[in-house]
Protein chains: 2
Amino acid sequence: MSLINDRLLRALRRQPVDRTPIWIMRQAGRYLSEYRRTRARAGSFLALCQNPELACEVTLQPLQRFNLDAAIIFSDILTIPDAMGLGLRFTDGEGPSFERPVRGRRDIDRLGVPDPESDLGYVGEAIRITVDALGDRVPLIGFSGSPWTLAAYMVEGKSGTDFRTVKGMAFEQPADMHRLLEILTDSVAACLMAQRDAGASALMLFDTWGGILSRHHFLEFSLGYMERIVARLNRADDPAAVPIILFTKGGGSWLEAMAATGCQALGLDWTEDLGHARQRVGERVALQGNMDPAILEASPRRIREEVEVLLERYGKGTGHVFNLGHGITPGVDPAHVAALVEAVHELSPVFHR
Amino acid sequence: MSLINDRLLRALRRQPVDRTPIWIMRQAGRYLSEYRRTRARAGSFLALCQNPELACEVTLQPLQRFNLDAAIIFSDILTIPDAMGLGLRFTDGEGPSFERPVRGRRDIDRLGVPDPESDLGYVGEAIRITVDALGDRVPLIGFSGSPWTLAAYMVEGKSGTDFRTVKGMAFEQPADMHRLLEILTDSVAACLMAQRDAGASALMLFDTWGGILSRHHFLEFSLGYMERIVARLNRADDPAAVPIILFTKGGGSWLEAMAATGCQALGLDWTEDLGHARQRVGERVALQGNMDPAILEASPRRIREEVEVLLERYGKGTGHVFNLGHGITPGVDPAHVAALVEAVHELSPVFHR
């Protein structure tokens with residue numbers, strides 16, 4: 001099916017576009033009252049992820065409000081470890097935790113690769129009905145956590161830690177850590193392939209915790225496994241291949257290494273300068289993101305000024321997907337999001353002439 | 001007075017040394033039982049900072065255990081805002097907070113530049129007696145927070161926030177924020193000058209929260225003010241000038257701009273690669289730091305391996321001061337610190353032949 005609005009896919013492939021496409025990380029989220037209502041109906045965050053009809057509903061909500069260039073399937077990166085039997089729980093105010101964290105080799109040896117259909121079928125189903133509902137309007141993005149990021153959650157057992165436990169395993173039992181990362185690599189690749197087969201037309205790998213590592217540890221424990229996943233999904237002879245975006249929060253120093261994986265685009269948090277990033281890797285990959293999410297708390301006038309700054313930093317031509325540098329925060333006024341989208345619509349065409 | 005061990009000062013000036021000097025951020029700290037005993041005697045963390053004899057005592061403690069190449073005066077970056085009347089409190093497990101945070105222009109207009117002698121005399125006094133006690137053994141480092149980092153604490157009012165309040169002020173009331181940063185620049189410069197006059201022979205600016213900003217906001221709100229401080233302290237015709245180290249946590253992308261301030265050295269957290277950093281700015285400045293503090297939780301064998309990796313990443317020649325990329329964590333076994341220091345002593349001479 002050819003899309004009416006294929007700006008995202010064209011920009012990810014660095015093909016010409018009439019204006020810079022925009023979507024927003026966590027665009028289906030708590031800052032929207034309709035999201036909060038649907039979540040209340042679902043009963044819990046996890047129940048919302050696991051209910052394909054409701055996941056579809058919240059995925060579409062931001063597109064009804066804002067003229068966004070992509071939808072991203074509503075889900076959570078921790079559904080994979082949950083499907084592996086770790087017992088995912090979300091506690092209000094404390095974030096996610098696991099009932100059975102991975103503590104050592106015995107726990108790792110018990111882990112199996114989840115089956116995308118029988119163990120995570122709700123994700124594929126949500127994608128199928130969402131693609132159906134979207135019709136030919138905009139593309140749907142699928143996603144997963146990176147193996148390292150999932151391992152960090154699985155070994156720490158909860159969020160908000162200083163990562164001493166997972167680093168301890170990586171530094172002291174590297175063979176165990178690599179075994180865990182191999183299982184996760186198989187799991188993530190299978191899950192992304194299933195999302196693609198269900199209709200996702202771009203895929204994003206969230207390496208939320210790659211940036212807590214030194215460069216040589218990042219290459220060993222995170223990037224190497226993301227590279228394997230890209231290679232499996234992105235074989236040159238595969239007619240079903242879709243663009244892949246890698247996003248390591250705090251990974252601005254390593255863009256060259258990340259671009260060399262064969263992915264089509266890199267996500268940037270807000271600390272890396274967009275112009276410098278383009279100079280470094282813009283010949284190889286598209287760039288997505290980069291606005292400080294805190295800007296959305298400022299006035300529409302300031303939001304518009306920052307949009308102009310970022311568009312100028314990237315400069316003329318395709319290859320930029322406008323986005324925040326991290327997920328939108330729950331307290332943002334939706335009118336500010338409207339101002340952001342409008343500013344990108346109005347200010348970006350001149351950069352594509 | 002000429003020092004017996006001047007490796008730190010020589011390395012900061014990129015002069016030849018026989019081996020790489022080492023000191024450790026927060027080396028006088030909770031991981032040492034003798035520190036915990038002195039702190040208990042003082043009654044509180046703040047009372048320890050404000051008692052020159054006890055501050056001297058804990059400053060010297062790590063040097064009695066380990067063959068370190070520098071002492072750093074025991075103090076806290078928040079003593080300056082405390083001296084400005086904000087009412088600093090330390091609560092166990094929650095970190096520092098202020099009774100009277102800065103909320104807007106009226107609060108800013110009430111702030112004065114503290115007098116280093118009458119308001120912060122305990123810092124100068126602690127330095128004088130510590131330099132006296134150290135004799136000609138090793139240099140003593142003085143320090144301060146950067147204006148932006150102090151402003152972040154003063155406006156947020158406590159640690160552990162997402163910095164929305166201080167960013168809100170910077171983005172929406174930039175004139176107010178710049179006024180606050182000017183007052184802090186005068187305060188930090190006066191405080192560092194007093195530390196130097198009291199006997200500190202190197203100075204370090206801790207920009208703990210510069211890395212939460214986008215590059216253009218970092219230049220505007222943090223680096224510009226650090227540059228002014230360096231210029232005031234480091235006038236070419238000033239015979240009392242001492243080496244200045246700038247450390248922005250998460251600032252690896254901006255090393256070139258930081259090196260252009262005229263400082264003598266940059267601190268590196270552990271996410272920036274030491275070899276790449278040297279390629280980028282090693283002709284202009286020395287580099288300090290870079291080991292992931294979590295490595296100290298691993299075995300002495302692994303610690304030694306990581307020392308070797310870092311020494312090799314920097315390569316041959318002077319200009320590297322071995323250190324962690326952030327403060328040592330309270331749970332570290334002092335025997336692991338001994339292993340770190342020993343490894344640097346044994347493995348680094350070959351890089352200086």
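Let me start with Leu287(B), whose bridge partner in E9(B) is His320(B), and please keep in mind that what we are looking at is a predicted model. The two strands involved, E8 (residues 286–289) and E9 of chain B, pair in the parallel sense over 2 bridges. Stepping back from that pair, the sheet of chain B is an open one in which 7 strands follow the order E1-E4-E5-E6-E7-E8-E9, with parallel pairing. Strand E1 (71–72) and strand E9 (320–321) of chain B are its edge strands, each of them pairing on one side only.

Across strand E5 (202–207) and strand E6 (244–248) of chain B lies helix H11, residues 215–233 of that chain, which runs at about 170 degrees to E5(B).

That helix brings me to the interface, where 25 residues of chain B are in contact with 25 residues of chain A. On the chain B side, the elements giving two or more residues are helix H9 (164–172), H11 and helix H14 (300–314), and the largest share, 5 residues, comes from H9(B). Sorted by class, this side of chain B has 7 nonpolar, 9 polar and 9 charged residues.

How, then, are the copies related? Chain B is superposed on chain A by a rotation of 180 degrees with 0.0 Å of shift along its axis, at an RMSD of 0.0 Å, and that is the relation of a two-fold axis. The residue of chain B that comes closest to the rotation axis is Ser253(B), with its C-alpha at 3.2 Å. Finally, 100% of the interface residues of chain B are also interface residues in chain A, so the copies meet through the same surface.

Conventions
Residues are numbered from 1 along each chain as its sequence is written. Chains are lettered from A and ligands numbered from 1 in the order in which they are written. This is a predicted model: local features need pLDDT of at least 70, side-chain atom pairs count only at pLDDT 80 or more; totals for chains, interfaces and linings use all residues. Copies are superposed by least squares on the C-alpha atoms of residues with pLDDT of at least 70 in both. Two residues are in contact if their C-beta atoms, placed from the backbone, lie within 7 Å. Two strands pair if DSSP finds at least two bridges between them. Helices (H or I, at least four residues) and strands (E, at least two) are DSSP runs, numbered from the N terminus. Axes are lines fitted to C-alpha atoms, for helices over the stretch in contact, and angles run from 0 to 180 degrees between N-to-C directions. Ala, Val, Leu, Ile, Met, Phe, Trp, Tyr, Cys and Pro count as nonpolar, Asp, Glu, Lys and Arg as charged, and the others, Gly among them, as polar.
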